[in-house]
Amino acid sequence: MNRVLYKIQGESMATGAAAGNRPPTAREALDAAIARFQQRNALSLELHRKATKTLPGGNTRTQVHTTPFPVYMSSGTGYQVTSEDGHTYTDLVAEVTVSVYGHSNPVIRDAITTAFDNVGLNLGATTVYETTLAEALCSRYDLEQVRFTNSGTEANLHALVAARAYTGKRKIVVLGGGYHGGLLIFRGGEVAVNNVDQADWIVARFNDLDSVRGAIQQEGVAAVLVEGLQGVGGAVPASVEFMRGIEASARDAKVLFILDEVMTSRLAPGGLASIYGLKPDIMTLGKALGGGLAFGAFGGRADILSIFDPRLDRSLPHHGTFNNNTLAMIVGHAGLTRIFTPEVCKQLNATGDILIRRLAAISTGTKMSFTGIGSIIGSHFTQAGLQTIERETPEVTELKDLFWYEMMEEGFWVLRDGRIALMIGTPQDELEKFVRAVEAFLQRYGHLVQVDQSR
Ligand SMILES: Cc1ncc(COP(=O)(O)O)c(C=O)c1O
């Protein structure tokens, strides 16, 4: 094998095991990138090996596992994360949209210490802090009432329990490619891979209104549960007509419309519902709204939420030791009202919209494309260089992986599936640098990313 230096970009270089001086194939470029990754992250490999003894695969959260082994992060400050191997990255993962506030926001720190010093963590009782956060969420997201959970997954599960109890029906319509938590995954039109309740799901097609209408009109449907932008599905937005059509069909069929805003609540002051002009019966929330702590919530119509009113006969229990934990209540409230104000939210997403347009411009005519809304962005590689991506579109995984390895070498921490999320406080210069890094990548691998016009 003849290792050749293909092209040098400042400090970073793309090498590939290629014959002679021809540019490397995608496989060769990827193998070279993996070899460099292993060299740069030797301590992470050691930590991973140790972890595999007590954690299956060294992992307790599937999403953050990467091959050949995960990078171990040691800390995060401001807009950056630093790995155990000593590399500092501009954090474009933002904990998959949670870290909207950055890693060491003084308001969050202050809220945490105030909660600890003046309130206490485990009071085993009702406190005013849950009312304060409920008021802020109801006002911001146009909800009549809300209940808290410990995660977005739980929020969705309880929203479904509420819908079934309220309607007396059992079936739930979801969309292919949808993700509503670790127990509610709908990929490729299959039913949830790990949900106990498989028989009751109807999986309709994303961005295909006829498919959803048909599903909603079936006998025995309690609710339709959808994301307005499929996050885990690649930051792919639904069309406005599609979402409004779902809402109208659900209303006509007396089926509850549940909008999963666990990820998208950060996209506008009133969440994606406010951008698309939707009024869901139930909205589910989580991620950033806990200020960085484990959090979930579901809210909406009081007549539905009253199913959980413990004063009423035959109400449903909704237990959860940590549902009202003081830390998440206090920190979540501080984050939403003192940092992520409507103005700051609009500004962050305007920055994201500009970034999406710039990335789209530099990738036009290549196999790479970008999707998303505001501060949640997905990158994709397809053979045809499709600018509009549907969840089912097959991607060129070698290029996707190569992009991930090389963005790390350029100092950017990006999700392995190519998604990025913005956080408050990332300097504009860093975003500019990212655009230049993407552009350089596309030039470096021009022979691999050019769309084959003859196809
Ligand atoms: C749209 C959506 N719903 C629900 C969830 C689940 O939230 P959690 O991971 O807090 O359980 C996620 C998490 O990624 C999500 O993206």
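User: Which element gives the largest share of the lining of the largest cavity?

Analyst: In this predicted model, strand S18 supplies that share, with three residues. The lining includes Arg-419, Ile-420 and Ala-421, and S18 covers residues 419-421.

User: What makes the lining of the largest cavity count as seven nonpolar, one polar and one charged residues?

Analyst: The residues are Val-93, Val-96, Thr-97, Met-263, Ile-376, Leu-415, Arg-419, Ile-420 and Ala-421. Arg counts as charged, while Val, Met, Ile, Leu and Ala count as nonpolar. Thr falls among the others, which count as polar. The cavity itself has a volume of about 50 Å³, and the structure holds three cavities of 30 Å³ or more.

User: Why is Arg-419 called buried?

Analyst: Its relative accessibility is 3%. Buried means under 20%, so Arg-419 qualifies.

User: What makes the approach of the Arg-419 side chain to the backbone oxygen of Gly-231 a polar contact?

Analyst: The side chain of Arg-419 reaches that oxygen at 3.2 Å, and the cut-off for a pair of N or O atoms is within 3.5 Å. Gly-231 is also on the contact list of Arg-419, which includes Gln-63, Leu-92 and Met-263.

User: How do you know that S3 and S4 pair?

Analyst: Pairing needs at least two bridges, and S3 and S4 have four, in the antiparallel sense. Ser-75 stands opposite Thr-82 in S4.

User: Why do S3 and S17 stand at the edges of their sheet?

Analyst: The open sheet has the order S3-S4-S5-S17, with mixed pairing. S3 and S17 each have a single partner strand, so one side of each is left without a neighbour in the sheet.

Key
Residues numbered from 1 in each chain as written. Predicted model: local features only at pLDDT ≥ 70, side-chain atom pairs only at ≥ 80, totals over all residues. Heavy atoms only, no water. Helix = DSSP H or I, 4+ residues; strand = E, 2+ residues; numbered from the N terminus. Buried < 20%, exposed > 50% of the residue type's maximum accessible area, 1.4 Å probe, protein only. Polar contact = N/O pair within 3.5 Å; in protein donor to acceptor, adjacent residues only side chain to side chain. Contact = heavy atoms within 4.5 Å. 1 Å grid on protein atoms, 1.4 Å probe; cavity = no way out; pocket = protein on both sides within 12 Å on 5 of 7 lines; lining within 4 Å. Points joined across faces, edges and corners; volume = space filled by probe spheres on them. Lists of a residue's contacts leave out its neighbours within four places in sequence.
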